[in-house]
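Below are some notes on the model, set out as numbered points. Please read them alongside the coordinates.

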Amino acid sequence: MKRLVIYIVLLLLILTSGTALFAEDEVFIGDGDIAALHLYDSQGNRLEATSEQAQNIAEGWIIHNPDTPILLVTPRGTINVFEDSLLVTGDLVGRNADLYLVSGKATFNTYDMEGGSLTVTTPVSRFILHGNGEMLVITSDDEESVTTFSGKVDSYNALTGAKREVKTFEKLFMQERMARLEHIEAGYYLTYATYPDMMLAKQIMQELSEKTTSPTAPLAPKAIVEKIELTPPSLEGVTIQALAEKPSALAVTEKTEFIPSPMQTLQVKVEAIKIPERVKQISSVILAPPKDRIKITIRPMTPEIPTISSVSQTVQTPPSPSSLQASVEAEEIVVVTEIKEEEPVTVEIPVVEEVLDAEAIEEIEETIIETVPVAPKEEAVLESALEEAAEDEKEEVTLAYASETTRPALAFSAEEAKVTGSVGLEFGYRFTFDGSDADSLQHQLFLKPYFEKGLFSIRLQGAVETEDFTSYTNTAYPVPTTRFEQAAYAFSFIDKLRIGYSSSPFYLTMDRKFPITTELTSLFAPSLISDQKLAVLNQLKFGPVTLVTTFDDLYLGALSENNRQFGSTLLQFTPKSGYRMSVAIGGLAVVDNNPSWSINAYPFLGLGFPVVDTRTSEFKFLLQASGYLPTYPTLDTDAFIDTSVSTFFPNYLLGTGFSVKKDQFFSKLLVSMTKGENHPLIANEFASFLDTRYTSSVEVLGDVRFQGEVIEARLLFNIPFSSEASIANLTFPVSAAHQADYSQISFSYTKQRLQIGLGFAQLGIISNFADVFTGNEDVLSLLRGPYSTSFLSLQYAFDPFTLKVKAQYPPQITSYTNPVLSVSISMNLGKQF
């Protein structure tokens with residue numbers, strides 16, 4: 001028993017060892033309403049917006065968030081995508097990351113990017129953020145701009161070819177004929193920065209104000225005044241003729257230009273921002289306002305001061321004086337030669353702390369406040385004006401963190417923004433009527449604890465069973481004695497396991513079916529009846545190279561019954577850029593325990609030549625070859641290559657065809673020449689317990705799939721033709737002659753809480769129908785028996801309960817009449833953290 005415990009612990013350590021190695025390469029959605037997103041993969045297929053998909057953002061995905069802002073977390077930084085934006089992901093893992101912002105606005109924050117860069121491309125521009133920093137990119141019909149919050153940004157105009165550098169706290173408008181730079185205010189930074197730093201904003205604003213100093217106080221300017229003496233003009237040769245009588249008095253009027261006094265007016269502009277329809281998700285991490293008081297520097301508006309004051313005189317004289325002597329005295333002309341500056345006036349405004357209650361969370365209202373320069377003595381006027389504005393608008397005025405748009409509630413750091421995990425327990429009752437086992441009854445109480453966090457997810461299982469409530473069995477005891485049974489016993493406690501994601505460099509999954517497909521689908525048909533199986537798949541990625549290894553059942557159910565099981569390995573190379581020709585080398589292995597242990601391998605080579613290779617469409621020519629190599633208990637190389645025969649290959653498959661992919665539709669057609677032991681779909685529902693060998697010359701394989709948001713459907717078939725141009729027959733049929741063609745149809749419908757699935761597979765479908773028409777078999781033989789299998793399932797979830805009903809005819813060589821019917825109801829008690 002101790003040795004078994006040690007085996008299990010070592011196995012779990014091996015399975016989880018890859019988690020830490022590749023944890024830094026994850027790209028996921030850290031915040032936002034995932035259900036409201038529109039997700040598409042690199043080929044343009046619509047993806048279901050689930051939490052698992054949100055943890056598995058891959059290169060080339062299209063993300064549209066019409067109603068909710070989201071936060072993308074990458075190994076190199078975070079991307080705060082504001083609502084109603086369209087984003088195409090690129091390489092977000094390397095040090096030269098890139099992506100495409102089709103429309104909308106997003107803030108890009110990078111870290112751990114020393115020596116690297118982030119390139120953001122829009123339809124008309126390209127922006128490069130060097131090293132660590134943060135920038136805001138806006139691209140829409142009304143605005144094309146980039147703002148640098150920290151770091152260094154280079155902008156490129158794709159239309160004009162102009163290149164500009166955008167420094168810290170500068171904003172560049174790209175749509176202007178002459179692109180202009182302008183400094184931003186601290187409020188703009190606090191609004192759009194992902195993790196705003198108040199101290200950084202104050203420091204940068206102070207540095208910018210020191211570079212552009214101007215008169216800062218609405219005081220009368222102090223000037224150095226110099227007097228200029230003017231000599232009286234000469235009056236020689238001037239005759240003055242009286243026009244009137246001598247006046248009794250002389251009036252002299254002096255007229256000078258008006259110099260306005262400093263402005264003492266206050267302008268406060270209050271605008272209401274656009275209120276979002278409804279907050280769909282609010283982060284549990286609330287940013288507390290800073291304890292310190294915010295210092296706002298207010299600079300006055302200084303009127304333009306004239307450089308010279310002009311003097312004029314008006315002289316009134318009588319109509320006809322007899323004589324007049326006039327003298328002009330010199331006047332003082334004031335010349336401003338120097339202006340002394342005053343220190344800026346600093347006003348401290350306390351931060352208004354706001355506590356959101358339940359009603360305030362339902363409907364958030366905010367106000368924009370644009371402050372114009374005022375004098376220090378206007379502080380009281382400012383407060384009263386704000387109070388009046390609040391009464392007029394009937395909205396709450398907040399001086400702290402005033403913003404132009406509603407910013408999403410985000411966590412304070414990337415670590416806190418990690419995808420939430422879950423832990424819980426699922427338990428329930430299952431009733432089974434087994435028509436394939438003499439109509440036996442079974443009652444089962446099952447228990448499934450689970451844990452999920454980021455890259456790692458596991459669900460264990462255990463059960464207590466009884467047939468007549470007189471005796472009980474459980475899955476934990478007794479412990480098997482042989483090593484083979486102990487291996488199956490150890491894996492029997494695992495219901496599901498996942499390490500990594502399908503886009504991660506390391507990906508390991510244990511589930512009922514394989515989550516991804518490879519070129520070996522030409523040899524490997526998917527399993528329809530998989531309730532009692534634990535299929536394992538391991539994927540390793542090294543740039544353009546991918547290694548995939550699979551085994552169909554770790555419960556070892558077929559081998560325990562002296563039948564066959566199947567495994568495969570495939571090494572595939574596909575360039576990331578240029579001509580994407582694919583090369584796949586690997587093989588399929590058949591492990592047999594009847595009458596003794598044996599392993600036969602089918603080496604495989606596949607080539608793919610793309611003709612059309614776009615995001616939504618693909619047309620590819622296929623060339624595939626396979627051989628036969630017995631490896632255990634003896635290695636028989638002559639079965640693979642034999643120089644004594646003219647073809648050098650006594651067993652071979654050589655096929656050519658094409659595959660077509662358009663949006664959610666996929667199809668493949670492959671025509672093969674075969675000889676000996678090699679055939680398409682050599683691993684299928686019936687090959688585990690039947691001898692499905694046959695002799696053929698040409699075989700036609702077809703695979704048609706449709707994968708939509710609600711409906712998924714697939715048709716798979718293989719028709720072998722003998723040298724007489726007829727459908728080939730099985731070499732060792734169960735009874736009478738039976739054809740060897742294979743066909744499979746599956747269909748599923750998923751709509752919110754409802755799931756419906758059905759499918760059936762046939763070996764020799766024409767022979768099966770012929771047996772029904774001739775009366776040799778009943779109609780139900782098309783759904784059950786050694787050459788037929790089928791299922792129908794229905795599942796409905798009403799939280800926290802799930803009801804599932806399933807009827808199936810499992811394939812087996814012994815005959816039976818009634819199906820296997822199971823009804824289960826389970827309750828899920830879980831908690832997110």
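1. With which residue does D495 form a salt bridge, and how far apart are the closest N and O atoms? The partner is R512, and the closest N and O atoms are 2.5 Å apart. This pair links distant parts of the chain, with D495 in strand β24 and R512 in the loop between β25 (506–511) and β26 (535–542), 17 residues apart. The model is a predicted one, and the distances quoted here should be read accordingly.

2. D495 has a relative accessible area of 4%. Because buried means under 20%, D495 counts as buried. The D495 and R512 pair also belongs to a network of salt bridges, in which K448 is linked as well.

3. Strand β24 (residues 494–499) also holds R498. The side chain of R498 meets that of E452 in a salt bridge, at 3.7 Å from N to O. E452 lies in strand β20 (residues 440–453), so the pair ties together parts that are 46 residues apart in sequence.

4. Are the two partners of this bridge buried or partly exposed? R498 counts as buried because its relative accessibility is 8%. E452, at 22%, counts as partly exposed. The cut-off for buried is under 20%, so the value of 22% for E452 falls in the partly exposed class.

5. How many salt bridges does the structure hold? The count is 13. One of the salt bridges joins D703 and R705, with the closest N and O atoms 2.9 Å apart. D703 is buried, at 2% relative accessibility, whereas R705 is partly exposed, with a relative accessible area of 21%.

6. Helix α9 spans residues 765–773, and its buried residues are S767, N768 and V772. They cover an arc of only 140° around the axis, so they sit on the same side of α9. What covers these buried residues includes β38 (754–763) and β39 (788–798). Just after the helix, G775 takes a positive phi of about 85°.

7. L118 lies in strand β9 (residues 117–121). Its relative accessibility is 5%, which means that L118 counts as buried. Leaving aside residues up to four places away in sequence, L118 touches A97, D98, F108, T110, M113, F127, I128, L129 and M135. From C-alpha to C-alpha, L118 and V153 are 9.5 Å apart in space, while 35 residues separate them in sequence.

8. Y40 is placed in strand β2 (residues 38–40). Is Y40 buried or partly exposed? Its relative accessibility is 24%, so Y40 counts as partly exposed. Residues up to four places away in sequence again being left out, Y40 touches N45, R46, L47, W61 and I62. Y40 and I63 are 23 residues apart in sequence, and their C-alpha atoms are 6.7 Å apart in space.

9. Some points to check in the viewer follow. One is the network of K448, D495 and R512. Another is the positive phi of G775, just after α9. A third is the pair E452 and R498, with its N to O distance of 3.7 Å.

Definitions and conventions. Residues are numbered from 1 along each chain as its sequence is written. This is a predicted model: local features need pLDDT of at least 70, side-chain atom pairs count only at pLDDT 80 or more; totals for chains, interfaces and linings use all residues. Side-chain values use heavy atoms; hydrogens and water are left out. Helices (H or I, at least four residues) and strands (E, at least two) are DSSP runs, numbered from the N terminus. Buried means under 20% relative accessible area, exposed over 50%, partly exposed in between (1.4 Å probe, protein chains only). Contact means heavy atoms within 4.5 Å. A salt bridge is a side-chain nitrogen of Lys or Arg within 4 Å of a carboxyl oxygen of Asp or Glu. The arc is that of the directions from the helix axis to the C-beta atoms.
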